[in-house]
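New to this one? Have a look at the chain below, and then we'll walk through a few of its strands and a patch on its surface.

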Amino acid sequence: MSRAFRNRPSALAAMAMLGLAGASGAKAQAPAGDFAVPTQGVYIGAGGAFNITRFGTQNVYALGLSDVYQNGVRVSSGSAAGPARVPLGSEAGFAPAAQIGYFQNFPESRWLWGVKASYSYLGTSASTPNALLPQAGAFTDARTGASTPFLGNAVVRSFEQKAEHQITLTPFIGHAHQRGFLYLGGGPTLTRLSTQMNGLVGFADINGNRSEISGPPQNFSSAGWVWGAMFIAGVTYFIDRDWFLDVTYTASTTQRQTGQYFSSFTNAGGPGGTVTTGSLIGNSSSAPLVSQGAMLTLNRRF
């Protein structure tokens, strides 16, 4: 056997090892060449969201104080109060949305972390027509001091709650793939809610007669920002290294929104030429606002 022939298997083995090493090196570097998702970036985006908002039940307390005058002389005084629960429904709708965020891969890993802030104009509302606020009370005759109990109610032509603006801040963690990344996160929200009671009139049933006590209908409103929390689950798709789509599922809840109400009234249309003056006082506390939705935005990385 010649020396060349004897060395031939060793040469072939060496070439095979070099070939495998080259193939392995090429395979190891392939993802870096094909991987479209940048390792970090600041981004802004805009788009829209579809939300389903559940408003729950409002807890309301109403108090009415009144004095009745005849020919300028007070002839009686009274009060009536009571709690009420006003159920509100749910509403679905589309809303504009915008966001700004940052993401960054962990060193030598496709796992990443990030944080984003978003704004959405929810623009959802729910209302109950002709809501009744039951009350019980008594009036006292100024001349005799006799007290007479009675029942009554305040009628609200339209009781409405609105969810207007919502701002969120959500840290997230995700895992990158060739054309995007999946992520989960959660954080605080700030939502502006408002409550309107339109066309409220107080009535009383006295000695079997139904009387309008507070006169012309009155409107009451309250509004404020409430804290809450949000969970998000999302997926991104990079069109190129700087532009990407972001689809996010959101679920959020808020604290209760409370309101205080006060108004004076004069009702000159009482029986026998009487004039009734007084005050309408109350408060409301909403149920936590629960919202679910999906948001789609087109984003630019910088």
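Valine 235 sits in strand 9, in what is a predicted model. With a relative accessibility of 35%, valine 235 counts as partly exposed, because that label covers values between 20% and 50%. Val235 is also one of the residues that make up a nonpolar surface patch.

**The nonpolar patch**
- The patch covers about 770 Å².
- Besides Val235, its makers are Leu182, Tyr237, Ile239, Trp243, Leu245, Val247, Leu296 and Leu298.
- Strand 9 (218-238), strand 10 (243-254) and strand 13 (290-301) are the elements that give two or more residues to the patch.
- Which strand gives the most? That's strand 10, with three residues.

**The two faces of strand 13**
- Side chains alternate as you go along strand 13.
- On one face you'll find Ser291, Gly293, Met295, Thr297, Asn299 and Arg301, and these are buried.
- Val290, Gln292, Ala294, Leu296, Leu298 and Arg300 point to the other face and are not buried.
- Two from that second group, Leu296 and Leu298, also turn up in the nonpolar patch.

**Who pairs with strand 13**
- Strand 1 (residues 40-54) pairs with strand 13 in the antiparallel sense, over twelve bridges.
- Glycine 48 is found opposite leucine 296 of strand 13, and Leu296 belongs to the patch.
- Strand 10 is joined to strand 13 by eleven bridges, and the two run antiparallel.
- Opposite valine 290 of strand 13 stands threonine 253.

Notes
Residues numbered from 1 in each chain as written. Predicted model: local features only at pLDDT ≥ 70, side-chain atom pairs only at ≥ 80, totals over all residues. Heavy atoms only, no water. Patch = residues over 30% accessible without salt bridge, like charges linked within 9 Å, V, L, I, M, F, W, Y side chains within 5 Å. Areas by Shrake-Rupley, 256 points an atom, 1.4 Å probe, with all protein chains shown as cover. Salt bridge = Lys/Arg side-chain N within 4 Å of Asp/Glu carboxyl O. Helix = DSSP H or I, 4+ residues; strand = E, 2+ residues; numbered from the N terminus. Buried < 20%, exposed > 50% of the residue type's maximum accessible area, 1.4 Å probe, protein only. Pairing = 2+ DSSP bridges.
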